[in-house]
Amino acid sequence: MSSIVLVVDFQESFDTSSIEDKVRSLTKLTDNTIISLKFKNREGSIFEAELNYKDSIEPELPDWLIRRSDKVFERFGYDGTRSEDFSTYLLDNKIEACYVVGVETDACVLSTAMSLLDMGIQPIVIKDCCTTEASDDVENSALNILRRNIGYQNVVKLEQSDLGFKFDD
């Protein structure tokens with residue numbers, strides 16, 4: 001099966017501290033292609049007007065992730081598959097599964113994972129490599145929504161995934 005590790009919004013403008021060590025290790029040890037998605041807000045966008053997002057106009061990924069990413073795609077909304085370049089990449093490379101990790105489980109991770117399923121690509125959300133800046137209740141609700149909508153078997157801890165890594169918490 002052709003699969004990738006998809007790192008969503010691991011940008012310096014978001015709080016990644018709770019998962020950074022695991023995501024760093026995963027990107028260092030995996031043999032899978034690593035694709036990073038980054039949210040880029042447009043000046044005057046609905047995100048700026050309605051949600052007061054001003055710090056994502058020029059998003060930056062950490063240097064270590066830029067070095068380890070095979071490709072980086074920008075997008076302008078929650079759903080990573082709305083990036084035409086990313087969607088084309090998935091289809092051209094006949095990607096069958098994406099191991100999804102990253103920031104804002106309740107927004108961009110959730111939206112992207114559900115859209116991958118719509119495209120016929122198996123999303124596998126690695127829950128201990130995802131986080132949100134919202135509360136634990138919001139995080140748990142997002143994971144429950146994902147379990148219901150992409151399948152319980154597709155929301156797993158890293159050590160339960162086919163990636164086969166085990167890290168101490």
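**Exercises on cysteines, a helix face and backbone angles**

Cys108 is buried, with a relative accessible area of 6%. The model examined in these exercises is predicted.

**Exercise 1.** Determine how many disulfides a search of the whole structure finds, and explain why Cys130 lacks such a bond to the closest cysteine sulfur.

*Solution.*
Step 1. The search, covering the whole structure, returns 0 disulfides.
Step 2. Cys108 takes part in none, and the nearest cysteine sulfur to its own belongs to Cys130, 11 Å away.
Step 3. For Cys130, the closest cysteine sulfur is that of Cys129, at 7.0 Å. The cut-off for a disulfide is a sulfur pair within 2.5 Å, so the 7.0 Å separation is too far for a bond.
Step 4. Cys130 is also buried, its relative accessible area being 5%.

**Exercise 2.** State which residues of helix H6 are buried, and describe how they are arranged about the axis of the helix.

*Solution.*
Step 1. Helix H6 comprises 15 residues, 136-150. From first C-alpha to last it reaches 21 Å, close to the 21 Å expected at 1.5 Å a residue.
Step 2. The buried residues of H6 are Glu139, Ala142, Leu143, Leu146, Arg147 and Ile150.
Step 3. Viewed down the axis of H6, these buried residues fall within an arc of 140 degrees; they therefore line one face of the helix.
Step 4. The general rule behind such a pattern is that an α-helix has 3.6 residues a turn, so residues three or four places apart point the same way.
Step 5. Asp137 and Arg148, on the other side of H6, are exposed.
Step 6. The partners of the buried residues of H6 are helix H5 (105-118), strand E5 (122-131) and strand E6 (155-156), against which they pack.
Step 7. After H6 comes Gly151, with a positive phi near 105 degrees.

**Exercise 3.** For Lys94 and Glu104, give the value of phi and the loop in which each lies, and decide whether each is buried or exposed.

*Solution.*
Step 1. Lys94 is not a glycine, and its phi is positive, near 50 degrees.
Step 2. Lys94 is located in the loop between helix H4 (84-92) and strand E4 (97-103).
Step 3. With a relative accessible area of 61%, Lys94 is exposed.
Step 4. Glu104, likewise not a glycine, has a positive phi of about 70 degrees.
Step 5. Glu104 lies in the loop between E4 and H5.
Step 6. The relative accessibility of Glu104 is 11%, and buried means under 20%, so Glu104 counts as buried.

Notes:
Residues are numbered from 1 along each chain as its sequence is written. This is a predicted model: local features need pLDDT of at least 70, side-chain atom pairs count only at pLDDT 80 or more; totals for chains, interfaces and linings use all residues. Side-chain values use heavy atoms; hydrogens and water are left out. Helices (H or I, at least four residues) and strands (E, at least two) are DSSP runs, numbered from the N terminus. The expected span of a helix is 1.5 Å times one less than its number of residues. Buried means under 20% relative accessible area, exposed over 50%, partly exposed in between (1.4 Å probe, protein chains only). The arc is that of the directions from the helix axis to the C-beta atoms. Contact means heavy atoms within 4.5 Å.
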